[in-house]
Amino acid sequence: MCSSKQGNVGLTKSDALVVVDLQNDFLPGGSLAVSGSDEIIPIMNKYIHLFHSNDLPIFTTQDWHPPDHCSFKEEGGIWPVHCVAGTMGSLFPEDLKLPDSAIAILTATNRKKEAYSGFEGTDLNIRLRSANIKRLFIGGIATDYCVLNTVRDALKNGYEVMLLIDAIRAVDVSPDDGKRAIAEMVSLGAVTIEHKNIII
Ligand code: VGL
Ligand code: ZN
């Protein structure tokens, strides 16, 4: 499939915003800090405002690990301890302006299982279906892990995906992982969009 860059896009009642893992531990000063991740907070706030003011649902995912999660180095995984359920690092930064109506989806809660997708082991798909959502606007952290896997599953589950290209940041364990992830998401059918392209 060809890569496609979208012009202006209008929001409809079958659209939802999915904010992926915009949590303290992935921000500067956090235990798994992602470079430049703080820069996307004001942009995500614009998307949040757009969706909320149009009465469209906002879903948030949170990496929500037990203290001995298998992805942690101490347990043989590759990551420093991060996003332990209920700790400061697992919470949203104060300057992320989420409305009370935002729907929280908690992921990777099973000690024995890594899960990078917001759909894996959660009720996200059921909630989206019952709200008649057809198109997802997906952004957050990290481009090359949870955003990538959430987008893959969204497309597999039949949703249209608009990738918020101005509101994602990559871990880049290997150089260009983020770039490759974007290329893959686009080749699978995701359409990239910037907040200034949304018309209402
Ligand atoms: C993530 C690394 C480890 C993510 C979660 O949210 O992309 N990355 N756990
Ligand atoms: Zn994690």
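## The surroundings of ligand 1

A backbone N or O atom of Ala-142 is placed 3.0 Å from an oxygen atom of ligand 1, in a model that is predicted. A second backbone contribution comes from Cys-146, where an N or O atom lies 2.9 Å from an oxygen atom of ligand 1. Asp-21 takes part through its side chain, an N or O atom of which is 2.6 Å from an oxygen atom of the ligand. Taken alone, ligand 1 would expose 260 Å², and the protein buries 100% of that area.

The space that ligand 1 takes up is the largest cavity. Around the ligand stand Asp-21, Phe-26, Asp-63, Trp-79, His-82, Tyr-116, Ile-141, Ala-142, Tyr-145 and Cys-146, and this shell divides by residue class into seven nonpolar residues, one polar residue and two charged residues.

Two members of the shell deserve a further look at their backbone geometry. Ala-142 sits in the loop that links strand 5 (135-141) to helix 3 (143-156), and the peptide bond that leads into Ala-142 from Ile-141 is cis, with an omega near -10 degrees. Both partners of this cis bond, Ile-141 and Ala-142, are listed among the residues surrounding ligand 1. Asp-21, for its part, is found in the loop between strand 2 (15-20) and helix 1 (40-53), and its phi is near 50 degrees, which is a positive value in a residue other than glycine.

For the wider setting, an unreviewed UniProt entry lists residues 16-195 as "domain: Isochorismatase-like". Over that range the chain is 26% helix and 20% strand, while the C-alpha atoms at its two ends are 14 Å apart.

Definitions and conventions:
Residues numbered from 1 in each chain as written. Chains lettered and ligands numbered in written order. Predicted model: local features only at pLDDT ≥ 70, side-chain atom pairs only at ≥ 80, totals over all residues. Heavy atoms only, no water. Near = heavy atom within 4 Å. Polar contact = N/O pair within 3.5 Å; in protein donor to acceptor, adjacent residues only side chain to side chain. Areas by Shrake-Rupley, 256 points an atom, 1.4 Å probe, with all protein chains shown as cover. 1 Å grid on protein atoms, 1.4 Å probe; cavity = no way out; pocket = protein on both sides within 12 Å on 5 of 7 lines; lining within 4 Å. Sits in = over half its atoms within 2 Å of the grid points. Nonpolar A, V, L, I, M, F, W, Y, C, P; charged D, E, K, R; others polar. UniProt positions renumbered as here; feature names shortened; annotations may be inferred. Helix = DSSP H or I, 4+ residues; strand = E, 2+ residues; numbered from the N terminus.
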